[in-house]
Amino acid sequence: MPPTDPEDPALLHFTSGTTGTPKGAVHVHQAVLAHHVTARYAGPCTGATCSGAPPSTSGWVTGTSYGIIAPLTHGVTLVTYAGEYDPRVWYGVLADHHVNVWYTAPTALRMLMRSGAALAGDYDLTALRHIASVGEALNPEVVEWGQDAYGLPIHDNWWQTETGAIMISNYRGTEVRPGSMGRPMPGIEAAVLARGEDGRADRTGGHVTPAGVEQVGELALRAGWPSMFRGYLGEEERYRSCFADGFYLSGDLARVDPDGYVWFVGRADDVIKSAGHLVGPFEVETALMEHPAVVEAGVIGKPDELAGEIVKAFVTLRGGYEPSEQLRGELLAFGRKKLGGLAPKEIDFDQHLPHTRSGKVMRRLLKARELGLPEGDVSTLEGAEAS
C-alpha cells in the first residue's frame with residue numbers, strides 16, 4: 001500500500017437525514033486515535049466480548065467507528081446480529097456469547113421495554129457489566145427501566161456523524177444522571193452558545209457568545225479533535241457554515257448543569273415555535289413517556305393560524321394498552337400537568353413510528369405525512385432499500 005498521511009481522506013459517512021437530505025461527511029486517517037481513546041473511556045467495545053448489536057449497526061457511522069475500528073485497535077471480539085426484532089433472540093445472543101459490553105440504541109431499548117423487565121430474567125446475563133446507548137438522546141425512563149431489567153444503568157453518549165467519535169459521555173464508573181448525555185470527553189472543550197430566534201447560535205457581528213449555566217443554547221465544540229470531519233462532499237459552503245469563532249456548531253440544543261453534565265433539548269431544526277415559545281420536541285416526548293401507557297413518542301409542530309404552530313404528538317403504546325378516545329384525553333391531560341402551555345394539543349396513536357436505520361425517529365417524515373407534503377429523501381428510513 002502507498003504511504004498515507006494522517007490528514008488523507010479515509011472514510012465517507014452519510015448523516016442520518018432526520019431533518020433533511022443526508023450529507024456526506026469526510027473523515028481522515030487520524031480519526032482512529034479518537035476511536036481508540038473514546039472507546040476506552042466510554043466503554044463501548046473494550047471488554048473481552050462486545051456486542052454492537054442487537055440490532056445490527058454496521059450500516060451507519062457507529063458500526064464503523066465502534067463496530068470495526070475501535071474493536072480492532074483494542075483486540076476484542078465483536079458480536080453482531082442482523083435479524084428481525086425478537087426479544088428472546090436478542091437476549092439469547094447476549095447470553096450465549098457471554099457479552100460483557102453491550103452497545104445499542106434507544107429504539108432497541110424501548111422495543112425491549114414493551115416486553116417487560118421480567119423477560120430479561122429468563123436469560124443468563126451475568127457476564128454483562130456495561131450497557132451504552134447511542135443514536136439519539138436517551139429518555140430518562142429508559143435509563144431507569146434498564147436498572148430494573150438488567151441491574152445496570154444505561155450509559156448515554158452523544159456524538160454525530162460529523163464528530164466521528166464520542167464527544168460527550170456518561171463514563172464507566174461515574175454517576176449516571178438519567179436524561180443527561182454526560183460530560184465532555186478528555187481533551188474536548190464543549191460550550192453552550194446563546195441562541196438567536198431560529199434556535200441556532202447567535203452570531204452577532206460574526207461572533208458567538210456563551211450562554212449561562214442552565215440556559216438552553218446551541219451545543220458547540222472547540223474545533224481540532226482528530227476525528228472531526230474535514231468537509232461535506234461537494235458542499236464546501238455548507239461545511240464552512242458549521243463553524244464560528246473556532247467552534248463547530250452542532251445544530252443540537254442543550255444546557256449544562258452546574259456539575260458539567262450536558263442535557264439534550266432538541267435539534268434546532270426541530271424546534272417548535274408556538275405562541276412565542278420555543279418548544280423542544282425531546283422535552284415533550286420525554287414527558288409523555290412518563291405515562292405508563294407510552295413506550296415511545298414523536299413530536300412535531302403543526303401550523304396554526306393563532307399560535308403559529310401547535311405541538312402534536314404521535315405515541316406508541318406499551319403492550320396491554322389499546323388506542324381509545326379515553327386514553328387520548330388522559331394523555332392530553334397528563335401532558336398539560338407535566339408541561340403546562342408547552343403540552344401537545346393533539347395526540348395520535350402510531351405503533352409504527354418511522355425510524356432511520358440508526359434508530360432515530362424521523363420527525364420530518366411525521367410532519368410531511370401530517371401535512372400531506374412530499375416525503376423527500378427516505379434513503380435512510382428503516383426498511384428502505386439501499387440504492
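In the predicted model, strand 18 (294-304) is joined to strand 19 (308-317) by a hairpin that runs through three residues. The pairing of strand 18 with strand 19 is antiparallel and extends over 10 bridges, and within it glycine 298 has phenylalanine 314 of strand 19 as its bridge partner. Strand 19 also pairs with strand 20, in this case in the parallel sense and over four bridges, where phenylalanine 314 stands opposite aspartate 348 of strand 20. The connection from strand 19 to strand 20 passes through helix 8, and the resulting β-α-β crossover is right-handed. Of the 10 residues of strand 19, nine are buried, and the strand is therefore largely enclosed by the rest of the structure.

Strand 18, strand 19 and helix 8 (325-339) each supply at least two residues of the largest nonpolar core, which comprises 48 residues. Helix 3 (87-96), helix 4 (106-114), helix 5 (140-150) and helix 7 (281-289) likewise each contribute at least two residues to this core. The members that touch the most other members are Tyr91, Trp102, Tyr150 and Val315. With neighbours within four places in sequence set aside, valine 315 is in contact with Leu288, Val294, Glu296, Ala297 and Leu331, and further with Ile347, Asp348, Phe349, Asp350 and Gln351. Apart from the largest core lies another, of 41 residues, which includes Ala132, Ile168, Ile188 and Phe264. As a general background to such groupings, nonpolar side chains in soluble globular proteins tend to be buried together.

A second parallel arrangement involves strand 6 (residues 130-133) and strand 7, which pair over three bridges, with serine 133 standing opposite aspartate 156 of strand 7. Between strand 6 and strand 7 the chain passes through helix 5, in a β-α-β crossover that is right-handed. Strand 7 pairs in addition with strand 8 (residues 168-169), in the antiparallel sense and over two bridges, and here tryptophan 158 is placed opposite isoleucine 168 of strand 8. Because five of the five residues of strand 7 (residues 154-158) are buried, this strand is largely enclosed by the rest of the structure. From strand 7, Ile154, Asp156 and Trp158 point one way, whereas His155 and Asn157 point the other way, and all are buried. In general, the side chains of a regular strand alternate between the two faces of the sheet.

Elsewhere in the chain, an open sheet of three strands has the order 1-2-12, and its pairing is antiparallel. Strand 1 (9-14) and strand 12 (231-232) form the edges of this sheet, each pairing on one side only. The antiparallel pairing of strand 1 with strand 2 (residues 24-28) extends over five bridges, and phenylalanine 14 stands opposite glycine 24 of strand 2.

With regard to cysteines, a sulfur-sulfur cut-off of 2.5 Å gives a count of zero disulfides. Cysteine 45 has 0% relative accessibility and therefore counts as buried, and cysteine 50, at 0% relative accessibility, likewise counts as buried.

The confidence of the prediction was considered last. The mean pLDDT of the chain is 89, and 94% of its residues reach 70 or more. Among the elements of the chain, strand 20 (residues 346-349) has the highest mean pLDDT, at 98, while strand 17 (residues 277-279) has the lowest, at 80. Where pLDDT is low, predicted coordinates should not be read in detail.

Terms used:
Residues are numbered from 1 along each chain as its sequence is written. Side-chain values use heavy atoms; hydrogens and water are left out. A nonpolar core is a set of buried Ala, Val, Leu, Ile, Met, Phe, Trp, Tyr and Cys residues joined through side-chain atoms within 4.5 Å. Buried means under 20% relative accessible area, exposed over 50%, partly exposed in between (1.4 Å probe, protein chains only). Contact means heavy atoms within 4.5 Å. pLDDT is the predictor's confidence in each residue, from 0 to 100. Two strands pair if DSSP finds at least two bridges between them. A crossover is right-handed if, with the strands pointing away from the viewer, the path from the first strand over the helix to the second runs clockwise.
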